[in-house]
Amino acid sequence: MAQRFRVAVVGAGAAGLATLKALADAGVPAVAFEAADTVGGLWVYGAPGSPAYRTLHLNTSKGRTEFADHPMPADWPDYPDHTRVAGYLGDYADRFGLRAAVRLRHTVDRVTRTADGWRVHATGPDGPSALDVEAVVVANGHNRTPHRPDPYPGECAAEQLHSHDYRGPEQLAGRRVLVVGGGNSAMDIAVDASYAATRTLLSLRRGVWVVPKYLLGRPADTLNGALARRLPWRLRQRISQRMLTTVVGPPTRYGLPAPTHGFLQDHPTLSDALLSRLTHGDIHARPGIARFAGDRVEFTDGRVDAVDLVVWCTGYRVTVPFLDAGLLGDGADRLPLYRHVFHLDAPGLAFVGLMQSTGAAFPLLEAQARLVAARLAGTWTPPEPARQAAACRTELRAATARWGHRRPHMRVDFDAYLAELRRELAAGRRRAGAAR
């Protein structure tokens, strides 16, 4: 007799594996659908849809990144590369017996509501299939659909590449490279280019805080983590910003534009090598692009440079193509979710990983997954719908005040949110006990 699954999980990367583990711990039968031919998601270099490049490393330290129930090896470096992280996720799946619950090479095409649950339509090696389940957990990540900026004035004759399609420095060798963006991928690729390319330009439309991976001899994120357990973020901001400018200097010291926002009001950009390459003249900072003219690009300060290759490190659009648009409202990146997990109007629909954290992701995925598992096991009960909606509005106001209109629905402070999920799990368990 075929096993009956109560839950379908979309994706078997870090979020999907954490969800399968939590559901198994709670005794809830589940199956995951994974488009690739192995588990590990974006960390699997060369896997379909993975944005991993050969020089990719964690930008959060291993102690702040690891799952609580599966520590990273003590002899690993503080910032492991993608091969180690992919292997770590594979070991996680093996240790907890998760691979048997994953249907590899199965792409979810559509998820629809039924009278008593959900139907998942997927295409696998044997063709299309459908599965009826009680609940669906969307855990397929949101770094899969590249965002390309609106066209600039003029005609660009240079080759153009999005960071999603970057794999290694050989793509940059001997070229005059323009890297556009201020995130971690932009910094990594600009550093790669500074060794391989004929000339490297880095264009930032707005300033960002660049944080070395080590401060005062320790991984930088461990210092802010220690402060986060004691101080509100505004006070942490002042302390961290003062420390950073004292130890490293302001970004303008390196020819970069002044940051638009205060420290801790955007995703951190970490790089040990970028500032050194700038001061050695191996990377040339530029402001935003004004226009293209063939193989030449004019910047907003009037400078003009010839380029052969433009690498757009301009992020991703947040899409969930298999869900009906009516379930996504104004868009997946503006979807109100209770505690960033539960859909307010669709019981049985949950999300693990639809967030942007100031720090690492794995511990937050683990905590979200435990909340989902407790809900489906009946050991956690949410508050009434009106209180859920009110909590979403309160969180959105606070996030907008801190991060402005840059995806405030998705923004979370790593330490504060992790503590909030622990409190929520305890409160929901008390509600479940009272209901019984």
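I looked up phenylalanine 362 in this predicted model. Its relative accessibility is 5%, so I noted it as buried, the limit being under 20%. I then checked phenylalanine 67, which is also buried, at 0% relative accessible area.

Next I turned to aromatic pairs, and the count comes to 13. In one of them, the ring centres of phenylalanine 67 and phenylalanine 362 are 5.1 Å apart and the planes stand at 15°; planes under 30 degrees apart count as stacked, so I entered this pair as stacked. I located both partners: phenylalanine 67 is in the loop between helix H2 (62-65) and helix H3 (82-95), while phenylalanine 362 is in helix H9 (residues 362-377). They are 295 residues apart, so the pair links distant parts of the chain.

I found a stacked pair in phenylalanine 342 and tryptophan 380 too, with 5.1 Å from centre to centre and 15° between the planes. Phenylalanine 342 belongs to strand E23 (residues 342-343) and tryptophan 380 to the loop between H9 and helix H10 (385-403), so parts 38 residues apart in sequence are tied together. Both residues are buried.

I also listed one aromatic cluster, formed by Phe67, Trp76, Tyr88, Tyr92, Phe96 and Phe362. Over the ring of phenylalanine 96 I found the charged end of lysine 21, 4.5 Å from the ring centre. Arginine 277 lies over the face of tyrosine 195, 3.7 Å from the ring centre.

Last, I looked at a sheet. It is open, with three antiparallel strands in the order E17-E18-E19. Its edge strands are E17 (289-293) and E19 (304-306). Four bridges join E17 to E18 (residues 296-299), and phenylalanine 292 stands opposite valine 297 in E18.

Notes:
Residues numbered from 1 in each chain as written. Predicted model: local features only at pLDDT ≥ 70, side-chain atom pairs only at ≥ 80, totals over all residues. Heavy atoms only, no water. Pairing = 2+ DSSP bridges. Helix = DSSP H or I, 4+ residues; strand = E, 2+ residues; numbered from the N terminus. Phe/Tyr/Trp six-rings, centres within 6.5 Å; stacked < 30°, edge-to-face > 60°. Buried < 20%, exposed > 50% of the residue type's maximum accessible area, 1.4 Å probe, protein only. Lys NZ or Arg CZ within 6 Å of the ring centre and 35° of its normal.
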